[in-house]
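Grab a coffee and open the viewer. Here are a few exercises on reading helix packing, each with a worked solution.

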Amino acid sequence: MPDPVKRGRTTVEDVLQVGRSTVGDVLQIGRNTVEEVLHVGRSTVEEVIQVGRNTVESARQLRQGTMQAAVLHGRQDIRIEDVPVPRAAPGELIVRVGAALTCGTDLKVFRRGYHARMIVPPALFGHELAGTVVEVGEGVEGFPNGSRVVALNSAPCGKCYFCIHSQENLCDDLLFNNGAYAEFIRIPERIVAKNTLHIPDHVPLEHAALTEPLACAVHGFEDSRPYPGATVAIIGGGPLGLMILHVAALAGCEVIAIVKHDGQVEAARQLGAAHVVQTTSIRKAIRETRALTPKNRGVDIAIEAVGVPESWEEAVEMVRKGGTVNFFGGCASGTKVQLETNRLHYSEITLKATFHHTPETVRRAFGLIAAKKIRPTDYITGEAPLSRLQQVLRHMLNRGGDIKTAIIPGH
Ligand SMILES: [Zn+2]
Ligand SMILES: [Zn+2]
């Protein structure tokens, strides 16, 4: 039988114990809070000093008028040169580039030495960037000096037939901006007005710079008539193929990744592919992909993210009756494909192609980064100073490089 005195004592001891623990907890919480405040205080002071230093440095450079920039002179010929710092005309911003990401398009430009629509050497190039505003043109509102921004590589006119019909990516007068591989970049008025976004404090500049390619991936995926549970085959394990597969997996699709290289297999799995088919043979890719669907009927959606005619044809062979094919990867101009008319007709195949992004998909992509649904570190696997840009691109051409490299000017 329990002794009432003992029980009383136990209760008192319990109460005391609880009281003591509570005091202890409170003390601990208090201590942690103080430490946190100190830590935040210290970081803030450090940041302010850093921002101050950058601002002073920027001001000095703006006065002196020169900066380091990568200038493309021709095929595989990039030189880091001193060029004039751009100045902001009315409506424009000058941004100190915090990070510029390498991209498949830049690689193409580097290999060929020009870009039919955008770049005639000698020219500044690079287009995936984020940075800090250092000069504000007359009339610009909402982006004071010191704002951390991601400025996209293009902006639609907002007035033409296509803009009015919500197809801004097809704008008759799409304005492009290049020159991210430099210490500073000029952001034209239209891009300031339509495609420049504030970066929240918790998002590093390097991560925000992924907005542009991710917007292309979001646009490509959403344009493929997706629905939750759809089986989606994605051909190509480059940065964009991987981003599309990631976006598709997040949207609840069952993703089959079709890749060539060993490194891409692991990346595809980590980003949410339910199945990975690794092959260099188109026949085998079609057979194995179909084998992953009930009764070999084919996938609901196939997205081609390589940009060669043979794999466009491959994508058509993979979808089920009533399925959708998206020719996402742009092929070299002048190339053609051969498709079997009977298959297209009697199987009611929908053929689509997707290009670029719209202000809306840019914002959705940015939202995925800010909400940490996409981890940019999955794609940005290397970092290098501006002076090493040429080596980095060469390395990528030889397929030995990272998925994407963050080029950090001023280092
Ligand atoms: Zn790009
Ligand atoms: Zn337009």
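The exercises below start with the whole chain and then turn to two helix pairs.

**Exercise 1. Get an overview of the fold: how many helices and strands are there, and what share of the residues is buried?**

Solution. Keep in mind that this is a predicted model. Start with the secondary structure: the protein has 13 helices and 18 strands. Next comes burial, where 42% of the 411 residues count as buried. Last, look at contacts between residues at least 6 apart in sequence: 67% of them join residues at least 24 apart.

**Exercise 2. Check the length of α6 against what its 12 residues should span.**

Solution. Helix α6 covers residues 211-222. At 1.5 Å a residue, counting one less than the number of residues, the expected span is 16 Å. Now take the end C-alpha atoms of α6: they sit 16 Å apart, so the two values agree.

**Exercise 3. Is α6 mostly covered or mostly open?**

Solution. Use the cut-off first: a residue is buried if 20 or more other C-beta atoms lie within 10 Å of its own. By that test, 11 of the 12 residues of α6 are buried, and the helix is mostly covered. The buried set runs through T211, E212, P213, L214, A215, C216, A217, V218, H219, G220 and F221.

**Exercise 4. Describe how α6 packs on α7: what is the crossing angle, and which residues make the contact?**

Solution. Step one, geometry: the axes of α6 and α7 (residues 239-250) come within 9 Å and cross at roughly 55°. Step two, name the arrangement: that angle makes the two helices oblique to each other. Step three, handedness: the crossing is right-handed. Step four, the contact itself: α6 brings P213, L214, C216, A217, V218, G220 and F221, while α7 brings P239, L240, M243, I244, V247 and A248. Sorted by class, that gives 12 nonpolar residues, one polar and no charged ones.

**Exercise 5. Do the same for α9 and α10: which classes of residue make up their contact?**

Solution. Geometry again: α9 (residues 282-291) and α10 (residues 309-318) have axes that come within 10 Å and cross at roughly 25°. Angles under 35 degrees count as roughly parallel, so that is the label for α9 and α10. Here, too, the crossing is right-handed. On the α9 side the contact uses I282, A285, I286, T289 and R290, and on the α10 side E310, S311, E314, E317 and M318. Sort these and you get four nonpolar, two polar and four charged residues.

Technical notes:
Residues numbered from 1 in each chain as written. Chains lettered and ligands numbered in written order. Predicted model: local features only at pLDDT ≥ 70, side-chain atom pairs only at ≥ 80, totals over all residues. Axes fitted to C-alpha atoms, helices over the stretch in contact; angles between N-to-C directions. Helix = DSSP H or I, 4+ residues; strand = E, 2+ residues; numbered from the N terminus. Parallel < 35°, antiparallel > 145°, perpendicular 65-115°, else oblique. Left-handed = near helix turned anticlockwise from the far one by under 90°. Contact = placed C-beta atoms within 7 Å. Nonpolar A, V, L, I, M, F, W, Y, C, P; charged D, E, K, R; others polar.
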